[in-house]
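Please look at the sequence and the model together, and follow the chain from one packed region to the next as the paragraphs below lead through it.

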Amino acid sequence: MRGKWLLWMRAFLHSAAIAGVVLIAASWFVAAYISSVEREKAVEEATKQSDSLVRLFEHDTIETVNRFDRTLLLLRKSFEDDPAYFDLRKWAGQTALISQEAFQLSLIDSDGYQVATTLDYNGPHLYVGDRPHTRKQLDATNDELIISEPILGRTSKRLSIQLLRRLRYPDGSTAGVILLSIDPNFIEPFASSVDLGSHGGLSMRNTAGVILAAKGFSTETIGVKPARQMLSSELAKSSSGHYWGHGNIDGTIRLIAYRKSDRFPLIFTVGLSEDSILSEYRQHRTAYRLVASIVTLFVLVGISFAVRYQIRLDRSQADLELANTRFTAALRNMSQGLCLFDPNQRVVVANARYAEIYRLREDQIKPGTSLREILQAREDSGTGFVIDPDDYVRVNVKQATETQELADGRVISIKRQPMSNGGWLTTHEDVTAEKHSEKLLAEKATELEVMNTRFSTALDNMAQGLCMFDGAQRLTVWNDRYVELLGMPAHLLKVGTPLREILTDRVARDMRRTIDDPSVKLRVTELLMLAPDASRVDQLSDGRFVMLTRQPMAGGGWVTLIEDITERRRAEAEIVHLARHDVLTGLANRAEFNARLEEASRRLIRNGGSVTVMMIDLDRFKAVNDTLGHLAGDQLLSEVGRRLQASVRDIDVLARLGGDEFAIIQEGGADQREGAVALALRIIGAISVPFHLNGQLVEVGTSIGIAMAPEDGVEPDELLKRADLALYSVKSSGRNDFCLFRIEMLEIVHTQQSAERELREAIAQGQFELYYQPVVDGKTRELRGVESLVRWRHPDKGMIAPDHFIPLAESTGLIVPLGEWILNQACADAANWPAHVKVAVNISAIQFKKGNLFEVILGVLVETGLQPERLELEITETSLLENQEAHLTTIRQLKNLGLSIALDDFGTGFSSINYLTIFPFDKIKIDKSFTKGILSRADCKAVVASTLALAQGLGIVTTVEGVETEEQFEYMRNAGVELAQGYLFGRPVPIAEFGRDNAPMLTPLVA
């Protein structure tokens, strides 16, 4: 391609071709230049013509308007001379003013009403004071002619331009307006008298650009204000001139001449269309181009003859050079050695490959070298072969083909072609690699046969069925498992069977229909359209499921694996069931319950009706778990599930949400509330019946919270939340009952949330303070320690006692950060006190449950530097109700650290004595309720005496709380109490008040 291009380039660069191109360029340049001159001349003449026409148009129109204005001034003079007896119609008739151009005169009073007109109108006076030009003239203070925009007359119903002059009374005040309506076509005589050419036009506009009158445009333009105001920008430059208007009014390009009147607020334009101006120029331009084209054609013909002749000449020379080059390149790059001998057995030509094969030098194969000399040179280079040279020259050179094995082991294939002159052409090819490949192919064929045997064995022993189809969808390979799984008939098991026949047989058998059935044909068509990499699952006629997976093959076709997945399907169904149901009870689980509630909510929104949601929680279930073990707890839950199942309808949804939480969705029913209450009562009654668990009789109760839709909402989350609130209300008021949701519960929750938020902010902002109450020796009244008590200094509510916020802190978990702060602050304060003074800190059950109490206390002691022996932890019985083994481990770790452990509020629980034998307490604190009645109540005296006797027997120190009088203290000391605290010795005070009159016992602690 490149050589051909170079030939053409050389031909075109010939002098004759270049001269022709220059002549063509010159002819076109002359044609373009003459055309350009004629165009400029045509535009110049059109500019002069349009300027003259616009002057004439302005002069004629101004004369007409002046004539109308003089008439109005004459009429006004007649009116002002005798306004009371002025008769408009009579005056108009006498002056013969009314014509085709000026078709109406109207007299308008000072209020804007038309009181007289030359038209035949006898109706009520029309109000025209709302029109801008009328109002402008009525309000005018100067005396000037006002020309309106084109407007539709309310009396004449004709489009007109209205000329207005103000009427005056003798005193100079406005008497009204005299109005002359003229037809916008009044410019028609002038337009008809001038030659504007094709698509030429003229217009009269006001200074706002609105067209008042126009002729020669293809669209209706009167009253229109063109969107693109090129005229405005030109007027800003000069009051007269011309410009090219690019179709602003009707899409026609015109040379527009314009003039702005000095006499009236009018603008006049005359436009000559571009087609009209340039028509003669365009005709001449076409003629010039035709002449240039003819010149070009003749010159191109001459050039083509010259170029073709030169190309043929260059091509012949190039072909000869190319043939020589190719022959030389062919000899040099042949993969075979080539040598041409003449009839005298001498070399004519030989290539380099020939010398390379036999390791000869170029001078050893030069033209004229004899065959015997070459054979001798080969012997000398070690590439000869065992044969007598004379026999070779006599016999071998006459053979068409020959294979020689050289001394170095290479194998050379020789082919000879006799020449007509008695010589011959010989080619030599090194076929050592090919011979080696043939040997390898034979070995590979043997290996392939072994592999085919193994492949057939593998196919016949596969667990999956296998079949292979080629690109034309014909069967090529299959195994026995394929036949077994799909029950393939023998007549289809042959190479080349079309896929359509196999599918038709299978589908007909699976659907139990004939092969001509339309449904069978439709299914077969669908299967034939599947992609080569498609996968699907089919159910066979015997109920089994098989998975068919296609794998595309290179070159078309695919391999299909067929696997029996019946058991897998059963396992998957079981997994799906387990994923949606509780393993222990077999009931729906939380996920299934939420999905069913979502469906019920959508049905309710779509169709109406009612839905009831019940949240069910077992009472005292944890006690059963702790006392009888988890196996008994699981057995109880299973039995509860069966009793609940027996209590609900088949259409109700019963689920176990987790732990001892159950839930029910109840839909429909004549009376929703009555049905919900009846079901709740049935459930309470069923669960209240004792359970037999491994030979033991167990009684539990149940609490039920109920929310009803749409009364309590329709969204699932909303219903669940409100049912939970109702359940919480039951638990708070005694358990083993049911409660329907009430809106007041939300207010309680909001109040609790607000309190929780305030408590959380108080912890973050450090609004808490520690107060300390002294603990004294029962015999000497000396200070032995203090108990730390937390107070909340609220920024709005003032000081808040712990019984108002500690329960909230425990229910929300905020007791953990608050308790850690109390512990840290108390230890930090105590570190500065005398070594014999202990500090007691109350520990919540929630802190125990968290499981890191030992690590927290150890960290506080390390941080504050307080000796472990000076820290005493006070624990209530409720802290020990759950997970006793873990709590016992924690208490023992704390004891090993050196801390003292006190059992607080002793005597108020139900198993205090049992705890004393399980946990290694150092101290028992007798509750203040017993101290209060110690002097007057025998039962209080008996409890205190029993507690002291028990403590002395166990070697445990006792502290009495709530001592307020000397008589109470004296009684307790005589009874054997070692330590005492109460208001008698001092009220709780902050560190800042230590040593003051209200806390004299704490004076030793002041630094």
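What follows describes a predicted model, beginning with a sheet, passing to two helix pairs, and ending with a pocket.

The sheet is an open one, built from 5 strands in the order 9-8-12-11-10 with antiparallel pairing. Its edges are formed by strand 9 (211–215) and strand 10 (240–246), each of which pairs on one side only, and neighbouring strands are turned against each other by 20° on average, direction ignored. Within this sheet, strand 8 (residues 201–206) pairs with strand 12 (residues 266–273) in the antiparallel sense over 6 bridges, and S203 can be found opposite T269 of strand 12. Helix 6 (residues 230–237) lies across strand 8, strand 10, strand 11 (253–260) and strand 12, and the direction of helix 6 is at about 155° to that of strand 10.

Further along the chain, two helix pairs can be examined in turn. In one of them, helix 16 (residues 590–607) packs with helix 20 (residues 716–732) at an angle of about 115°, the axes being 9 Å apart. Here F593, N594, L597, E598 and S601 of helix 16 meet P716, L719 and L720 of helix 20, and the residues of this contact divide into 5 nonpolar, 2 polar and 1 charged.

The other pair consists of helix 18 (residues 630–647) and helix 19 (residues 672–688), whose axes come within 10 Å and cross at roughly 145°; the crossing of these helices is right-handed. Helix 18 contributes V640, R643, L644 and S647 to the contact, while helix 19 contributes L679, R682, I683, A686 and I687. By class, the residues of the contact between helix 18 and helix 19 comprise 6 nonpolar, 1 polar and 2 charged.

The last feature to locate is the largest pocket, which holds about 1,200 Å³ of space. Which residues lie nearest the centre of the largest pocket? They are E787, L789, P802, N842 and K928, out of a lining of 38 residues. At least two lining residues are supplied by each of strand 31 (783–794), helix 22 (806–812), helix 23 (815–830), strand 33 (838–843), helix 24 (845–850), strand 35 (900–906) and helix 28 (928–932), and the largest share, 5 residues, comes from strand 31. Taken by class, the lining of the largest pocket has 13 nonpolar, 13 polar and 12 charged residues.

Conventions. Residues are numbered from 1 along each chain as its sequence is written. This is a predicted model: local features need pLDDT of at least 70, side-chain atom pairs count only at pLDDT 80 or more; totals for chains, interfaces and linings use all residues. Side-chain values use heavy atoms; hydrogens and water are left out. Axes are lines fitted to C-alpha atoms, for helices over the stretch in contact, and angles run from 0 to 180 degrees between N-to-C directions. Helices (H or I, at least four residues) and strands (E, at least two) are DSSP runs, numbered from the N terminus. Contact means heavy atoms within 4.5 Å. Ala, Val, Leu, Ile, Met, Phe, Trp, Tyr, Cys and Pro count as nonpolar, Asp, Glu, Lys and Arg as charged, and the others, Gly among them, as polar. Two strands pair if DSSP finds at least two bridges between them. A crossing is left-handed if the near helix is turned anticlockwise from the far one by less than a right angle, and right-handed if clockwise. On a 1 Å grid over the protein atoms alone, a cavity is a set of points where a 1.4 Å probe fits but cannot get out, and a pocket is an open set with protein on both sides within 12 Å along at least five of seven lines; lining residues have an atom within 4 Å of a point. Grid points are joined across faces, edges and corners, and a volume is the space filled by probe spheres set on the points.
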